[in-house]
Amino acid sequence: MVKLFESERKAMELVWENEGATAKVLSALAGSRIGWSKNTTYTVLTKLVEKQIVRREEPGFRCWSAIPREEAAYSEAASVVNAFFGGSVKSLFASFLAKEKISEEELSELREIIDRYQTDK
């Protein structure tokens, strides 16, 4: 399971949006979007390389994601479900539906997802 700290998630968003960009380009983007210095960006990218979440290629410290965004999102969601809902997806949905209003369209889409899941099994 992939665990990203907030700073790592922000850096990964830049990598996913700019696959193959150099660390220099990513640091400029991080500076304008997040307000990070060049050193902060390089430090976070280096940590992601060490964790094997970013693949570094030379020349130019080119950065490629080693995991898809969907895998990271699933890991984060699973962590929340486990920590707050005892691993129960049903409890997660019940909690949201008790507090949030969803449209008929969203409800219909959720039913379609569940039906598709049942069909695939």
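Is Glu8 buried or exposed at 4% relative accessibility? Glu8 counts as buried, and this residue makes a good starting point for a walk through the structure. Please keep in mind that the model is predicted. The tour below takes in salt bridges, a helix residue with its contacts, and a nonpolar patch on the surface.

**The Glu8 and Lys51 pair**

- Glu8 and Lys51 form a salt bridge, and their closest N and O atoms are 2.9 Å apart.
- Glu8 belongs to helix H1 (residues 6-17), while Lys51 sits in the loop between helix H3 (38-50) and strand S1 (54-57), so the salt bridge ties together parts that are 43 residues apart in sequence.
- The two partners differ in their surroundings: Glu8 is buried because its relative accessibility of 4% falls under the 20% cut-off, whereas Lys51 is partly exposed with a relative accessible area of 36%.

**Other salt bridges**

- The structure has six salt bridges, and two more of them are described here, Arg55 with Glu57 and Arg56 with Glu58.
- Between the side chains of Arg55 and Glu57, the N to O distance is 3.2 Å.
- Arg55 counts as partly exposed at 41% relative accessibility, and Glu57 also counts as partly exposed, at 32%.
- In the salt bridge of Arg56 with Glu58, the closest N and O atoms lie 2.6 Å apart.
- Arg56 has 42% relative accessibility and therefore counts as partly exposed.

**Leu26 and its contacts**

- Leu26 is found in helix H2, which covers residues 23-33.
- With a relative accessible area of 2%, Leu26 is buried.
- Leaving aside residues up to four places away in sequence, Leu26 touches Leu14, Val15, Asn18, Ala21, Thr41, Leu45 and Cys63.
- To relate Leu26 to the salt bridge above, look at Lys51: the two residues are 25 apart in sequence, and their C-alpha atoms are 18 Å apart in space.

**A nonpolar patch on the surface**

- Val89, Phe93, Leu97 and Ile102 make a nonpolar surface patch of about 330 Å².
- One of these residues, Phe93, has its place in helix H5 (residues 89-99).
- Phe93 counts as partly exposed because its relative accessibility is 41%, which lies between the cut-offs of 20% for buried and 50% for exposed.

Key: Residues numbered from 1 in each chain as written. Predicted model: local features only at pLDDT ≥ 70, side-chain atom pairs only at ≥ 80, totals over all residues. Heavy atoms only, no water. Patch = residues over 30% accessible without salt bridge, like charges linked within 9 Å, V, L, I, M, F, W, Y side chains within 5 Å. Areas by Shrake-Rupley, 256 points an atom, 1.4 Å probe, with all protein chains shown as cover. Salt bridge = Lys/Arg side-chain N within 4 Å of Asp/Glu carboxyl O. Helix = DSSP H or I, 4+ residues; strand = E, 2+ residues; numbered from the N terminus. Buried < 20%, exposed > 50% of the residue type's maximum accessible area, 1.4 Å probe, protein only. Contact = heavy atoms within 4.5 Å.
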